[in-house]
Structures are given as C-alpha cells and as structure tokens.
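Let's take a walk through this one together, stopping at the spots that reward a closer look. Keep the viewer open and follow along.

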Amino acid sequence: MSEGTMRRQVLLFISVLYLSSVLGQVSYSIPEEMGRGSLVGNIAQDLGLDTTRLKSGKARIFTRDSVEYVDLNKEKGVLLIKHRIDREALCGKSTPCALHFQIILENPMEFYSVTIEITDINDNPPAFETNDVQFNISESAVSGTTFVLERATDLDVGENSLKTYVLKPTNNFNLKINNQVDGSKNVEMVLHASLDREKNEHLSLVLTAVDGGEPQMSGTMQILINVLDANDNAPVFTQPVYKASINENTPLGTAVLTVHATDADDTSNGRIIYSISSKQDYSRGLFEVNKDTGVITLMGHVDYEKLRTFQINIRASDGGGLTGFCKVIVDVVDINDNKPDIHIMSTSTSIPEDAKTNTVVTMINVEDADSSENGKVQCTINDNIPFVMRSSSNSFYSLLTDSDLDRERASEYNITVTCSDEGVPSLSSSVTLTLQISDVNDNAPVFERSSYEAYIVENNTPGLSIFTVKARDADWNQNARVSYILEDSSVNGVPVSSYVSVSADSGVIHAVRSFDYEQIKDFHFRVKAQDGGSPPLSSNVSVKILIQDHNDNAPQVLYPVQTGGSLVAEMVPRSAEVGYLVTKVVAVDVDSGQNAWLSYKLQKATDRALFEVGLQNGEIRTIRQVTDKDAVKQRLTVVVEDNGQPSRSATVIVNVAVADSFPEVLSEFTDFTQDKEYNDNLTFYLVLALAVVSFLFITCLVVIISVKIYRWRQSRILYQSNLPVIPYYPPRYSDTLGTGTLPHVYNYEVCRTTDSRKSDCKFGRAGSQNVLIMDPSSTGTMQRIQSENSILDEPDSPLEQKPPNNDWRFNQGQRPGPSGPYMPYATHIRWTPKKGTRYQHRNRHCGHFLPLVADQGSFFKLLCRGGVEVGPDQKSADKGRERLKLFR
C-alpha cells in the first residue's frame with residue numbers, strides 16, 4: 001500500500017475536553033502497518049500549545065505499555081510512529097483498537113490524555129485450519145441431511161473480515177450459512193439430491209471463504225465425500241447444546257464436561273466416535289474430546305481478560321458413516337488475580353499550614369487488569385489526616401487538602417494511599433507519601449483547666465504563694481512565650497490587686513494580704529495569658545480562692561450572762577427529782593466546720609455527785625435526788641470547748657441555789673457576792689459612777705425646784721379658799737398622771753439594822769422561775785417586775801380600782817402602811833447588802849390630806865399642807881370648793 005493511500009485512510013478527529021484547567025484529551029485515528037517515522041498528528045497545534053511550552057515544560061509521554069509505539073518530537077510539536085503497529089497482534093479481534101497515553105508538562109504541572117485509534121487494513125486472507133476434510137455419507141442419506149463444515153478464520157476485522165462462503169459444485173449439496181449471536185457464521189452442507197454409490201462412489205467439493213476487503217481475498221478447503229452403503233440410524237446427542245463454566249485459573253487436564261450420544265444401530269453402525277468438528281480460532285489447542293467417552297478436557301490456559309466464552313461443535317459418528325452434532329459453550333469465570341497498579345505522576349514535599357482547602361498535593365494513576373467488579377478500584381488514604389482522595393478522571397486520582405492544617409498538631413504526615421479492587425477476596429496495593437507542614441502563628445495560649453479553685457488558710461502571711469496557673473501555647477519560639485496578667489476587677493468594692501498578685505513569667509499567684517475567714521470566705525478574679533506573637537493572642541481563666549477557717553476564735557457564752565456587777569443564781573427546789581433541768585449553758589463559736597463544734601464539760605463543782613452537764617447540749621441536770629443535807633450554795637464551773645486543732649475553750653460559772661423559798665436563799669447568799677472577784681476596769685466604773693451622780697444631782701435639783709413651785713401654788717389656793725386640812729391616804733392608791741391606775745412596780749419597805757443578817761421582809765409564793773439576780777449597784781429594795789397582762793389577770797390586782805368607802809377618814813396620827821395583800825413577786829430579785837444602812841419606804845407623803853370630790857368622770861384631788869391640786873377644768877375646781885364648805 002502506497003504512502004498516499006495510507007494518508008488518505010487516516011481519519012483525524014480532535015475533541016479537546018477541558019476537565020479542569022490542567023486536563024485535556026486529544027484523539028487520533030491511523031491505520032495499522034504505518035512505517036516508522038510516519039506522522040500521527042500535530043499535538044502542539046491540537047492542544048493549543050507552542051513548541052516553547054513543550055520544551056520548558058519538559059514534555060514527555062507517559063504510557064503503561066512496555067513498548068512505546070509513538071514518539072513526541074518537541075522541536076516540531078508532532079507525534080511520530082516509533083514502531084510498526086500490527087493491529088492483529090496488538091488487539092486481536094477486539095474492537096475498537098486504540099493506544100492510550102498521557103503527555104505530562106511541568107512548571108506548572110499539566111497533563112493531557114491522548115488516544116490513538118488503530119484502524120484495520122485488509123492484510124490477512126481467510127484461512128481454513130485444514131486443507132481438506134473427509135465425509136463418509138451413506139447412500140441412504142435423505143434429502144435435507146445437514147453436514148457441518150469447518151469455518152474459516154480471518155484475522156482482520158470489520159469490512160476486511162470474513163464475509164461469505166461459496167461451495168462448488170452444487171449437484172448434490174447446497175451451502176447453508178447461519179449467523180450466530182456472537183457474530184460468527186456456521187457453515188453447513190445440505191444434501192438436496194440423493195447419492196448413488198453405484199454412479200459416483202467419491203465426490204470432491206471445494207469450499208471457498210471470501211472476505212470483504214479491497215482488493216478481495218479468499219481461502220479454500222477441499223471436501224472429500226465417500227459414499228457408503230446404507231445406514232439408517234444416525235447418532236443422537238442427549239441435548240443439542242451443552243453449557244459449562246470454568247475459572248480462568250483452572251489447572252490443565254481438568255475435565256470440563258461430558259457429551260453423550262446414542263445410536264440405535266448394531267455392530268459397527270452403532271459404534272460412536274466423538275470428535276471436534278469445529279471451534280473458534282482462539283479455542284484451538286485449548287480443548288480436547290475423548291473419542292470414546294465424550295469427555296471434554298482443558299488442555300491450555302484460559303484468560304478471562306483475553307476471551308470470555310468458547311464455543312465448540314462436537315460430532316458423533318457411527319460406524320455406518322452417520323453423524324450427530326451438538327454445541328458446547330464454555331464460559332470463563334473471572335477471578336481476581338490482578339492487583340491495582342499505582343503510579344505517582346507528581347508530588348509535593350511540603351505545604352504551609354495555612355494552605356486553603358482543596359489544594360492539590362499529588363496526582364496518581366491507578367489501573368487494574370481485571371474486569372467487572374474485580375476491576376473496579378477504590379483508593380483511600382489513612383484515617384485522621386486532613387487530606388482526601390478524589391477521582392479527577394478515569395483511573396486518575398488527586399490528593400487534596402480536606403481541612404485546615406495545624407503544624408502544632410502534626411508537623412509531618414505519612415500518607416498511605418491504598419487502592420483496592422472489589423473482587424472477592426479483594427486485592428490491593430499501597431504507596432506511602434511523606435509531606436512536611438511548615439509553621440505559622442495561629443494558636444492562643446490555653447490554660448490547663450477551664451477554671452481554677454484554690455484554698456488558703458486564714459491568718460496567712462502576706463506574700464504567701466497560693467498556687468500556680470499554667471497555660472501552654474502550641475506555637476513555636478516567640479509565638480509560644482506566655483505572660484500572665486491579673487485582669488482588673490473588684491472584690492467587695494476593693495481592687496482585686498489588693499488581695500492577690502500574679503507572677504508574669506511563672507503564673508504563681510501570691511496573697512497580698514492576710515485573710516480573715518470571718519470577714520471574707522471566698523472571692524473570684526480572672527487571669528489572662530498572652531503570647532509573644534504579633535499581634536499577640538490571649539485567653540483568660542476564672543480563679544476562685546476559698547478561705548479556709550482556722551480555729552482562731554474561742555467559744556462565747558451567751559447564757560448565763562457573766563457580768564462584774566451582777567451575780568446570777570439558778571434556784572433548784574429540794575423536791576427536785578433525778579434529771580431535773582436546772583439551766584442550760586448556751587454558747588456559740590464564730591468559726592465554722594468542726595472548729596465550731598462545741599462540747600460542754602463540768603470542770604469544778606461544789607458537789608460533783610449532784611449535777612452533770614450534757615456533752616452536746618450544755619444542759620445542767622441533777623443526777624440524783626436533792627436532799628436537805630445538800631448545801632444551799634452550789635458553784636459549778638463549766639468549760640465550753642470547740643473541736644479545733646488546737647482546741648479553744650471558754651469557762652462559765654453557774655451559781656445554783658438549792659432552796660424552797662427566797663428568804664432562805666437571801667440569807668445564804670448575803671455574803672456570796674462579797675467573795676466574788678471583779679476583774680472589770682476600775683476606770684470604767686469610776687466614770688460611770690461620776691456620770692450617774694451628776695445625773696442624779698441635776699434631777700434632784702430640778703425636782704426640788706418643781707416641788708417648791710408646786711407647794712407655793714397650792715398654798716395660795718388653800719389660803720384663798722380657807723379649806724380645813726384633813727389627812728387622807730386611800731389604800732393601795734397612787735396617782736399615775738391622773739389616770740387613776742397603779743404602777744406595775746411596787747416597792748416594799750425593808751427595815752434592817754446595822755450588820756443584820758436576817759431580813760424582816762415577808763415574801764409570797766415563788767414564781768415559775770427560780771433565778772436570783774444580786775446587783776450591788778441597786779438601792780437594796782426588792783422590786784417586783786411583772787407584765788401588765790399578768791397583773792390584770794390577778795383577782796386582787798391593784799389595777800382594779802374600787803371606789804373609796806366610808807373608812808377613808810383617818811385620825812391625824814394615822815398613816816396607812818404596807819398591810820394590804822401582797823403582790824405576787826417575780827423570781828428575779830436584785831439585792832445589794834450594805835452594812836450599817838437602814839432602808840426606808842420610798843413613798844413620802846404629806847401630813848394632811850383632804851379628798852376633793854368631783855363629778856362623775858373626774859378623779860380625787862389631794863390637798864397637802866396648804867396646797868391644792870387643780871382639777872381638770874375651772875368648773876370642776878369651783879364645784880370642789882363648794883363641797884368643801886360642807887366639811888367646815
């Protein structure tokens with residue numbers, strides 16, 4: 001074929017598909033058998049590149065084939081034939097037949113896919129496997145009997161392949177061609193005229209196979225027919241089509257299947273011989289049938305990637321020359337016997353940690369020679385890395401960044417690319433890439449904890465180190481240098497810097513002052529950690545300081561009250577039973593926790609066998625029956641102790657009076673308070689005494705002046721009215737601001753001689769509480785203090801005023817005394833024994849009293865020594881003067 005003819009047969013088409021900014025595809029079509037150096041196409045022009053880019057980019061051809069059929073001329077930018085291409089040797093019967101390779105450029109990296117389709121030329125004639133074939137046909141063969149002939153093979157494809165058959169002569173036989181599903185043609189010779197052995201014992205026919213090429217080529221096979229004597233039964237197979245499947249790695253000698261045919265004739269006409277009548281080109285030499293048993297055996301290696309189905313025609317011949325035919329179809333089952341093949345096209349060795357997402361790191365080409373599921377490949381990378389594999393095109397993958405990189409978390413990545421097919425079992429290949437991450441400043445300091453809580457015991461030394469906050473920065477060098485700053489805030493209105501300070505370098509927090517748990521129990525503040533970057537990054541953390549209590553406060557006794565001027569005594573009747581509650585010591589401790597747990601112990605006692613103190617509640621109870629032999633004066637010393645380490649304590653003295661009446665108590669306790677030791681400040685009492693004396697002096701002076709003025713006014717009224725003076729004193733009456741009610745406090749006259757030990761006062765029944773209060777600062781008068789409600793409840797209460805009777809007149813020397821019913825007195829008695837003192841009644845009254853009878857709604861008025869009280873109004877006073885005339 002001339003070069004001009006080959007050039008006319010070149011079908012050039014270019015389709016440039018931009019999959020991305022660096023990916024294109026170019027296709028060419030050339031005939032086979034082109035000479036070396038023949039032009040394939042101008043690749044530079046077709047890709048839109050110039051020869052300068054091909055040179056600077058170091059353009060090269062990347063192909064997976066061991067033989068490179070095409071060469072790249074970078075000077076002219078064309079593709080040239082490097083080796084002669086035989087389409088039949090390269091692709092066999094497969095169509096289309098094409099070469100695939102890539103052209104790779106660098107700086108920047110680009111690659112282009114190139115496909116060269118190899119078209120067929122008619123360079124192979126049809127050919128039969130044998131030059132002749134022999135048939136033994138009985139003369140009794142009926143019209144329509146079919147004889148399968150061997151097919152011819154043509155290595156060419158398309159229009160250049162086998163097209164038809166021609167049989168000559170056609171006196172007794174016609175040619176029948178059957179098109180198969182796979183595109184092949186079965187050739188059958190059909191008897192249309194009976195054979196006559198007597199006329200022609202041997203027949204010779206010529207079968208010609210013709211292709212469709214230009215010029216047309218053909219091949220022939222001679223058919224020899226021996227006409228036999230009559231044999232009326234031909235072999236018959238049990239089924240017309242047999243099917244079997246084998247794996248592509250099946251060992252040689254393996255029995256594929258067994259065909260079976262029967263013949264009703266006897267002797268030699270019934271003996272069956274099996275043989276292969278025809279088979280495909282690629283099945284030649286791969287299968288063999290046992291002529292006696294019909295077992296078909298594998299005799300060669302089969303490869304699913306080359307041919308997937310084999311078709312074999314089996315012939316059964318009897319001794320009489322009759323034959324039977326069946327078809328055997330053998331399917332090859334693919335097994336996963338090819339691993340994916342990985343090729344690194346280009347890669348980077350380092351990438352900055354601030355690289356954007358979807359930055360291309362490397363490009364990979366992967367192929368698997370298997371097919372179907374066994375040829376499907378999936379590529380993955382190791383987990384927990386910020387990269388992802390994506391398929392950019394068929395068999396090509398790109399490794400890209402999938403998220404933000406962090407050099408502080410990982411400065412280097414060993415990326416393992418694993419490609420696995422979907423076969424069972426799956427086969428895989430892997431390759432490892434090493435990628436360095438360069439650093440940028442992108443991390444703020446991070447504290448070891450989200451918040452801190454520290455404890456410090458109160459009464460600490462100023463400057464004491466409390467604890468340390470620590471923050472770490474994952475950056476490098478100056479960006480990782482951390483400084484600590486105390487943020488401005490206040491605690492109870494005071495700057496936090498007056499409480500604590502923080503070391504800028506170490507983060508150690510010091511106490512600036514000494515803390516007191518009773519004043520402040522805890523406080524909060526924030527510490528900022530700042531790195532040395534530009535601009536600096538920072539973070540802060542909350543810190544809580546808890547002040548721990550120290551046992552620095554002793555218990556305080558609330559009851560009984562211990563004063564220097566009074567003595568408290570609890571009264572216990574002699575009839576008290578065991579467990580009688582005398583009193584309860586009440587104490588508190590301003591500390592907290594176990595430092596405030598109080599326990600009560602009896603340290604000293606006049607009689608330890610009589611009283612006990614509750615360890616937890618401080619209750620003082622009797623532990624035996626009180627007897628007459630027990631002393632009236634009982635002195636108990638109770639120690640109140642906390643549970644601190646070391647513990648602190650307080651002491652309280654409880655005075656107990658064992659008696660059934662107050663006179664007995666008073667007589668026994670007369671000198672009780674004289675033995676009491678006073679530790680009060682003498683200066684305080686002197687100042688207090690001076691203030692009291694001054695107050696009393698001024699009060700007395702005012703009272704005297706008021707009395708003088710009052711008497712002067714009364715004397716003038718009396719002289720003007722000329723009324724006689726009649727002494728009068730109503731029993732249990734006292735003027736209380738003109739309301740006609742009695743005061744709540746009654747004074748009883750107590751008369752004592754010098755050095756007297758016994759009191760001549762009479763006492764009523766004791767109240768509900770038995771407590772004696774001895775107060776040396778009192779005037780020696782026993783006072784009864786009772787609420788107004790309790791007094792009103794008394795049947796003989798002095799607050800229930802009764803009108804005066806006819807016994808209101810008294811003689812001149814008579815004066816009412818304290819002979820009326822006694823008021824119930826309280827159990828709190830203030831007592832001050834002073835030797836050489838005689839007590840007198842407080843109420844001094846006038847020598848002459850005269851009742852002033854007023855109208856209903858008014859009240860009595862008293863005239864005293866020439867003085868007269870004025871009534872509520874002038875009218876009442878005038879009526880009073882008129883009635884006084886009756887007594888003259």
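Start on the surface, where F684, Y685, L688, V692, F695 and L696 make up a nonpolar patch with about 600 Å² of accessible area together. A patch here is built from residues with over 30% relative accessible area and no salt bridge, where like charges are joined within 9 Å and nonpolar side chains (Val, Leu, Ile, Met, Phe, Trp, Tyr) within 5 Å. The areas come from the Shrake-Rupley method with a 1.4 Å probe, and for residues only the protein chains shown count as cover. One of the patch members, F684, sits in helix α8 (residues 682-721). Helices (H or I, at least four residues) and strands (E, at least two) are DSSP runs, numbered from the N terminus. With a relative accessible area of 52%, F684 is exposed; the scale is buried under 20%, exposed over 50% and partly exposed in between, with a 1.4 Å probe and protein chains only.

A word on what you're looking at: this is a predicted model, where local features need pLDDT of at least 70 and side-chain atom pairs count only at pLDDT 80 or more, while totals for chains, interfaces and linings use all residues. Residues are numbered from 1 along each chain as its sequence is written, and side-chain values use heavy atoms, with hydrogens and water left out.

Now for some strands. Have a look at β28 (residues 387-393) and β29 (residues 396-401), which run antiparallel and are joined by six bridges. Two strands count as paired if DSSP finds at least two bridges between them. If you want a register mark, R390 has S398 in β29 as its bridge partner. The two strands form a hairpin with two residues between them, and S395 in the turn has a positive phi of about 75 degrees.

Elsewhere, four strands make an open sheet with mixed pairing, in the order β8-β14-β13-β10. Its edges are β8 (132-138) and β10 (162-168), each of which pairs on one side only. Ignoring direction, neighbouring strands in this sheet are turned by 25 degrees against each other on average; the axes behind that value are lines fitted to C-alpha atoms, for helices over the stretch in contact, and angles run from 0 to 180 degrees between N-to-C directions. Edge strand β8 pairs with β14 (residues 218-228) in the parallel sense over seven bridges, and there Q134 finds its bridge partner in L224 of β14. As you trace along, keep in mind that side chains in a regular strand alternate between the two faces of the sheet.

On to the cysteines. How many disulfides are there? Taking a disulfide as a pair of cysteine sulfur atoms within 2.5 Å, the count comes to two. One joins C91 and C97, with the sulfur atoms 1.7 Å apart. The torsion about the S-S bond of C91 and C97 is about 65 degrees, so this disulfide is right-handed, and both of its cysteines are buried.

The other disulfide joins C379 to C419, S to S 2.2 Å. The C379 and C419 link is right-handed too, with 105 degrees about the S-S bond. This pair links distant parts of the chain, with C379 in strand β27 (residues 377-381) and C419 in strand β30 (residues 412-421), 40 residues apart. Both C379 and C419 are buried. For other cysteines, try C326, which is buried at 4% relative accessibility, and C700, which is partly exposed at 44%.

Finally, the charges. The structure holds 15 salt bridges, each one a side-chain nitrogen of Lys or Arg within 4 Å of a carboxyl oxygen of Asp or Glu. Among them is E33 with R84, whose closest N and O atoms are 2.2 Å apart. E33 lies in the loop between β1 (23-31) and β2 (39-41), and R84 in the loop between β5 (78-81) and α4 (87-91), so the pair ties together parts that are 51 residues apart in sequence. E33 itself is partly exposed, at 23% relative accessibility.

Another salt bridge brings together E448 and R472 (3.4 Å, N to O). Here E448 lies in the loop between β32 (446-447) and β33 (451-457) and R472 in strand β35 (residues 471-472), so the pair ties together parts that are 24 residues apart in sequence. E448 is partly exposed at 48%, whereas R472 counts as exposed at 55%. To finish, find R87, E88 and D120, which are linked in a network of salt bridges.
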